[in-house]
There are 2 protein chains.
Amino acid sequence: MRVAFLGLGIMGSRMAARLAWEGFELTVWNRTAARAEELGASYPGVEVAASPQAAATDVDLVISMVVDGPQVESVLLGPGGAAESASQGTLFVDCSTIGPKAAVAIGARLEERGLRFLDAPVTGSSPKAADGTLTIMVGGERDDFERALPALEAMGRLVVHTGPTGHGQLVKVINNAVAATNTTVLGQALLVASRAGADLDAVVKVMGAGSGNSAMLELKAGPMRAHDYSTLFKLDHMLKDVRLCLEAADDAGAQFGFAALTERVLAAASELGYGDADFVALIEQLERASGSSLRA
Amino acid sequence: MRVAFLGLGIMGSRMAARLAWEGFELTVWNRTAARAEELGASYPGVEVAASPQAAATDVDLVISMVVDGPQVESVLLGPGGAAESASQGTLFVDCSTIGPKAAVAIGARLEERGLRFLDAPVTGSSPKAADGTLTIMVGGERDDFERALPALEAMGRLVVHTGPTGHGQLVKVINNAVAATNTTVLGQALLVASRAGADLDAVVKVMGAGSGNSAMLELKAGPMRAHDYSTLFKLDHMLKDVRLCLEAADDAGAQFGFAALTERVLAAASELGYGDADFVALIEQLERASGSSLRA
């Protein structure tokens, strides 16, 4: 199966490398050409293309992994975009996180041109991308899902068909809003504990052993207490995802009150200058708002 | 080691049985005598006392497991209470959840009478009490903690000395407030997903595999979706614990905004008549407030 891979950032470069490693015939493109050349040098079979349009010539699958909706639109549907060269029936799989609405719109435009589309955002940080153990949520038609499955399984450990177009995005942004909110709850809890003079090691140990446990406690309690924001997942990207979730809730006529509060915390932390830090830097805003510190 | 065990409810009866099973010499008392007689019948060495005062005669350790602060006060310090017969230096270990303030007050009154005190609330439901695999958080002096440790280890798998008197309570109520809040976040997320037409099986599967996971997702997503409120932990008890956490935060001059919102949800669910149901029944209030249902 011949695959075009568009977008070789922190996640995309590792996902493309997994495909190359698993023997897919790969043509890659990246806005900054140097990163594409690097991948081409590491995997002799990998071809480097000068544009999305060039990359998508004579392939079965076009995978994109960029930052947001406008970038996906530009890379797939803009001038020099992949849709200009892809042959009828080519399957486009977008792994970026762009929200349900944008995914549905882009899918519709591709389908008007006789192309197929799946939205397939991923969760998991760069080590999981490198290992091919991401979680991938896929929206679109089942036939298309099955066609893409071998490539998706080279990149992910849990690959789930979550519904029609846009529903990969929907599940992804709900998951991330829950993760961000659980992290904010954890931050508030640790600040209360600290202010009351509690032994934070004991608090974390007890919560981790029982009903207070969460993936975010396991991953983020340590960095939060150490104020270690070495980036795994940028705060501004998490803020974007939470906003996409609130937008999806709004479109459905639903409310997600706790996530709306989390959005305010993340937005304030971003304004404090932590947008490029890991989202655990939301503790800075919580400390500021509460007038106390975990550093105590 | 001779132990008096006061309070044989759902948790206490199982904890006392563990002590008997591990060979502690046990005298038990319960307000409803029949439950004490039952335990006496199952474990031939167990003596049944007619009052806390009678139970605490000639013992090394007095363990209490009742519902709230006033009950602890009555059983330990009231007329016919354990303090009336306990010899100087007897160690009192209260496993009830009563909040830091009540624990400190009761500890001080016992110490005035030459008695020792540990607050040692537990987490884990009745199956863990039966297995002796509870988590036990202990506040008080280290010497006393070490003296009580053999008995605590018969009842718990993770037994942590969390600080001075009241700090067992502090850690417990913070943990429970986080658990209740994570459950409320989960409920809101599932309602948004449902309203947006998402496949809830996929949502739960994806969250469980990654950053959205939590102990409450694992334990409560199923019962929440099924509206199954068979009690593991009564909603009114969870409401009490969240209020104790907010009170502890307030006493420390801290705020726990998310837990304060969770308190409102639990209180409203209790007013709807779900106080004796498992606290996952908070979904009833979320459904009511959102005008949508997971039953869809």
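Which residues in helix 4 of chain A meet helix 5 of chain A, and which residues of helix 5 do they meet? The legends below, which describe close-up views of a predicted model, begin with this pair of helices.

**View 1. Packing of helix 4 of chain A with helix 5 of chain A.** From helix 4, the residues A:Gly69, A:Val72, A:Glu73, A:Leu76 and A:Leu77 meet A:Ile106, A:Arg109 and A:Leu110 of helix 5. Sorted by class, this contact has five nonpolar, one polar and two charged residues. Helix 4 spans residues 69-77 and helix 5 spans residues 100-112, and their axes are 11 Å apart at an angle of about 10°. Because angles under 35 degrees count as roughly parallel, helix 4 and helix 5 of chain A are described as roughly parallel to each other.

**View 2. Crossing of helix 8 of chain B with helix 12 of chain B.** Helix 8 (residues 167-195) and helix 12 (residues 257-274) of chain B cross at roughly 70°, and their axes come within 9 Å. Helix 8 of chain B is therefore roughly perpendicular to helix 12 of chain B. On the side of helix 8, the contact is made by B:Ala177, B:Ala180, B:Thr181 and B:Thr184, which meet B:Phe258, B:Ala259, B:Thr262, B:Val265 and B:Leu266 in helix 12. By class, the contact between these two helices has six nonpolar and three polar residues, and no charged residues.

**View 3. Surroundings of A:Asn30, in the loop between strand 2 and helix 2 of chain A.** The loop that holds A:Asn30 runs between strand 2 (25-29) and helix 2 (33-42), and A:Asn30 has a relative accessible area of 13%, so that this residue is buried. The side chain of A:Asn30 reaches two backbone atoms, namely the nitrogen of A:Leu8 at 2.8 Å and the oxygen of A:Thr32 at 2.9 Å. When residues up to four places away in sequence are not counted, A:Asn30 touches A:Gly7, A:Leu8, A:Gly9, A:Arg35 and A:Ala36. The C-alpha atom of A:Asn30 is separated by 8.6 Å from that of A:Phe5, although these residues are 25 residues apart along the chain.

**View 4. Surroundings of A:Ser13, in helix 1 of chain A.** A:Ser13 belongs to helix 1, which covers residues 10-21, and with a relative accessible area of 17% this serine is buried. The side chain of A:Ser13 reaches the backbone oxygen of A:Ile10 at 3.5 Å. Apart from neighbours within four places in sequence, A:Ser13 is in contact with A:Gly7, A:Leu8 and A:Leu39. Of these, A:Gly7 and A:Leu8 are also touched by A:Asn30.

**View 5. Surroundings of A:Val138, in strand 8 of chain A.** Strand 8 of chain A covers residues 134-139, and A:Val138 is buried, with a relative accessible area of 0%. Its C-alpha atom is separated by 4.3 Å from that of A:Ala120, a residue 18 residues apart from A:Val138 along the chain. Not counting residues up to four places away in sequence, A:Val138 touches a list of residues that includes A:Leu118, A:Asp119, A:Ala120, A:Phe145, A:Leu152, A:Val159 and A:Val160.

**View 6. Surroundings of B:Thr135, in strand 8 of chain B.** B:Thr135, within strand 8 (residues 134-139) of chain B, counts as buried at 6% relative accessibility. Leaving aside neighbours within four places in sequence, B:Thr135 is in contact with A:Val206 and A:Ala209 of chain A, as well as with B:Pro121, B:Val122, B:Thr123 and B:Leu158 of chain B.

**View 7. Positive phi values at A:Asp58 and A:His227.** A:Asp58 is not a glycine, yet has a positive phi of about 55°; A:His227, likewise not a glycine, has a positive phi of about 50°. The loop that holds A:Asp58 runs between helix 3 (52-55) and strand 4 (61-64) of chain A, whereas A:His227 lies in the loop between helix 10 (215-226) and helix 11 (235-251) of chain A. A:Asp58 is exposed, with a relative accessible area of 66%, while A:His227 counts as buried at 12% relative accessibility.

Terms used
Residues numbered from 1 in each chain as written. Chains lettered and ligands numbered in written order. Predicted model: local features only at pLDDT ≥ 70, side-chain atom pairs only at ≥ 80, totals over all residues. Heavy atoms only, no water. Axes fitted to C-alpha atoms, helices over the stretch in contact; angles between N-to-C directions. Helix = DSSP H or I, 4+ residues; strand = E, 2+ residues; numbered from the N terminus. Parallel < 35°, antiparallel > 145°, perpendicular 65-115°, else oblique. Contact = heavy atoms within 4.5 Å. Nonpolar A, V, L, I, M, F, W, Y, C, P; charged D, E, K, R; others polar. Buried < 20%, exposed > 50% of the residue type's maximum accessible area, 1.4 Å probe, protein only. Polar contact = N/O pair within 3.5 Å; in protein donor to acceptor, adjacent residues only side chain to side chain.
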